[in-house]
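Colleague: I would like a close look at one part of this model, the packing of one helix against its neighbours. Please set it in the context of the whole chain.

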Amino acid sequence: MTSPPRLPGAPVSLWMERELSERHPPLRTTTEADVAVLGGGMAGLCTAWEMARTGRSVVLVEAGGLAAGVTGNTTAKLSALQGFTYHRLRAAAGATAARRYATSQSQAVAQVGEVSAELGIDCQWERADAVTYATRPEGAEELRAEAEAAQDAGLDAEFVTATALPFPVSGAVRLPDQAQFHPRAFLDGLARDLVARGGRIFEDTRATALHEGSPCRVTTAGGAEVVARDVVVATHYPIFDRALLFARMAPHRELVVAGRLPSDDAPGGMYLTPEDATRSLRTAPYGAEHRMLIATGEKFVPGTGGVEERYRRLAAWMLEHFPAAEVRYRWAAQDNWTTDGVPFIGPLHPAARHVYVATGFGGWGLSGGMAAGRLLRSLVEGEGLPWAGLYDPRRLHLPREGRALVERGADTARYFVGDRLPGRAEPTADGIARGQGAVVRSGARHLAVYRDEDGGEHALSARCTHLGCLVRFNDAERTWECPCHGSRFGTDGEVLQGPAVHPLKRAETSHTAPAGEGTHQEPGDGSG
């Protein structure tokens, strides 16, 4: 049998090639602070920085490395134009909600630029037009409606029929003066200023338990605790979910390929279409005579499978339209979409007094993360922002969320129950090729079995340690993924991405190698 061609590009994010200024130690002894922030991505670091600016003592803990999870694998666009947000939000929640969303997102985009200038952060900050487009005739009317709704929300948006893309479009919405940047460079500068203000950062420190009280106590995997008056859970997907937000969010993963392109061939602007399971484009500085063309798409539920083929489709699409591009990198990003399309930023649950959450950014976590920092600071200080209620996680509007809630519940039930039904055709461990994995049945148990390149088998329990759904294998990134809530694990069972906080349990087949020996995983998202 002929092996499929190798995937294009090195399996690492372009942004991750930049080393941060400092690596912070793990938390080893119990410590106290006014505010504890869990998660070292855009939302977590922006929140910690905002809190430190008020004079509060701040401790930030991150399960892996700073800006190495979702933020380190983003496409790094900052825009108040976000697909078809305004037409849908205005129809569901009214014109005031749409205007408040536009205001909060526009202010967040501007604030990133202002903070970069204030702190002297060289983060490749560039202003650029944001464009949502369609190539099919039926998409033009929806774009006209989005342009009108965005204008009504206070944005300087317009409907156009021509763009700088090398192919025709049926229509597009253009919003000028948005931005793109290097996210790790920005957060590196923010982290330095946080420390200069007295903030303390602990990496490789996974939070595993939270006790709400006066004060709150956060327990970490190593046993040390953080004692704080206020706690912010900014771990991308809430690892502590006492409001059952998992029932109101759906995880999706998107692939990214990036190729070097002569500057003269690079399209100006940032582009997005929902067609073909999403296509997104932007460029970034890359030497004196080139730009790095970054293409994103192939949106899918974690654990769906066929990821290698998805990468090939995305790379082929990019090269079809930009044949001069030389693919250098590939990576993947993951985010959560809420049932009403607006992030959850505010008190974690109805009874919460000192615990807050920031999650559900729907692919726009860079502007959303900056907005979250500002909003959470105002809540801790007892101040109000006009748009605080729009993001409040305690909201529940059944007329506009009911259908999405039912669909989300049905999807979870289908994964949880369907994967366990008897009579399904299931692979055997002997049939797993080298470098691949599959869930196999061993008596009453389901095992996640990976065969390494040397032929050794590595078996784990296939039950996700979050809520018990069965994981599935990602053939491109060589990871185990939960389709229910998006937790991801290495082939050794270790947690790569939450909401799970505990590794998959080790197991054995009749001829398994000890799990964890000889395992492999490509770089991916962390849990913070």
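Modeller: What follows starts with the chain as a whole, turns to helix α2 and its two partners, and ends with some other sites.

The model is predicted. The chain has nine helices and 24 strands. Of its 528 residues, 60% count as buried. Among contacts with a separation of 6 or more, 71% are between residues 24 or more positions apart.

Two packed helices are described by the angle between their axes and the distance between the axes. For helix α2 (residues 85–93) and helix α3 (residues 95–119), the axes come within 7 Å and cross at roughly 140 degrees. An angle over 145 would count as roughly antiparallel, so α2 is classed as oblique to α3. On the α2 side, the contact is made by Thr85, Tyr86, Leu89, Arg90 and Ala93. These meet Ala95, Ala97, Ala98, Tyr101 and Ala102 of α3. By type, the residues of this contact are eight nonpolar, one polar and one charged.

The second partner is helix α4 (residues 140–152), whose axis comes within 7 Å of that of α2, with a crossing angle of roughly 70 degrees. Angles of 65 to 115 count as roughly perpendicular, which means that α2 is roughly perpendicular to α4. Here α2 contributes Thr85, Tyr86, His87, Arg88 and Arg90. From α4 come Glu142, Ala145, Glu146, Glu148, Ala149, Ala150 and Asp152. The residues of the α2 contact with α4 divide into four nonpolar, two polar and six charged.

Tyr86 takes part in the contact with α3 and in the contact with α4. Tyr86 also belongs to the largest nonpolar core, which has 82 residues, and is listed with Met42, Phe181, Phe186 and Ile294 as touching the most other members. Leaving aside residues up to four places away in sequence, Met42 touches Thr71, Val112, Phe181, Phe186, Leu187, Gly365, Leu366, Gly369 and Met370. One of these, Val112, lies within the residue range of α3.

Elsewhere, helix α6 (residues 307–321) has 15 residues and reaches 22 Å from its first C-alpha to its last, close to the 21 Å expected. Its buried residues include Val307, Tyr311, Leu314, Trp317 and Met318, and also Glu308, Arg310 and Arg312.

A further charged residue, Asp392, is in the loop between α8 (388–391) and α9 (398–418). Buried means under 20% relative accessible area, so Asp392, at 15%, counts as buried. Beyond residues up to four places away in sequence, Asp392 touches Ile345 and Pro347.

Note on methods:
Residues are numbered from 1 along each chain as its sequence is written. This is a predicted model: local features need pLDDT of at least 70, side-chain atom pairs count only at pLDDT 80 or more; totals for chains, interfaces and linings use all residues. Side-chain values use heavy atoms; hydrogens and water are left out. A nonpolar core is a set of buried Ala, Val, Leu, Ile, Met, Phe, Trp, Tyr and Cys residues joined through side-chain atoms within 4.5 Å. Buried means under 20% relative accessible area, exposed over 50%, partly exposed in between (1.4 Å probe, protein chains only). Contact means heavy atoms within 4.5 Å. Helices (H or I, at least four residues) and strands (E, at least two) are DSSP runs, numbered from the N terminus. The expected span of a helix is 1.5 Å times one less than its number of residues. Axes are lines fitted to C-alpha atoms, for helices over the stretch in contact, and angles run from 0 to 180 degrees between N-to-C directions. Angles under 35 degrees count as roughly parallel, over 145 as roughly antiparallel, 65 to 115 as roughly perpendicular and the rest as oblique.
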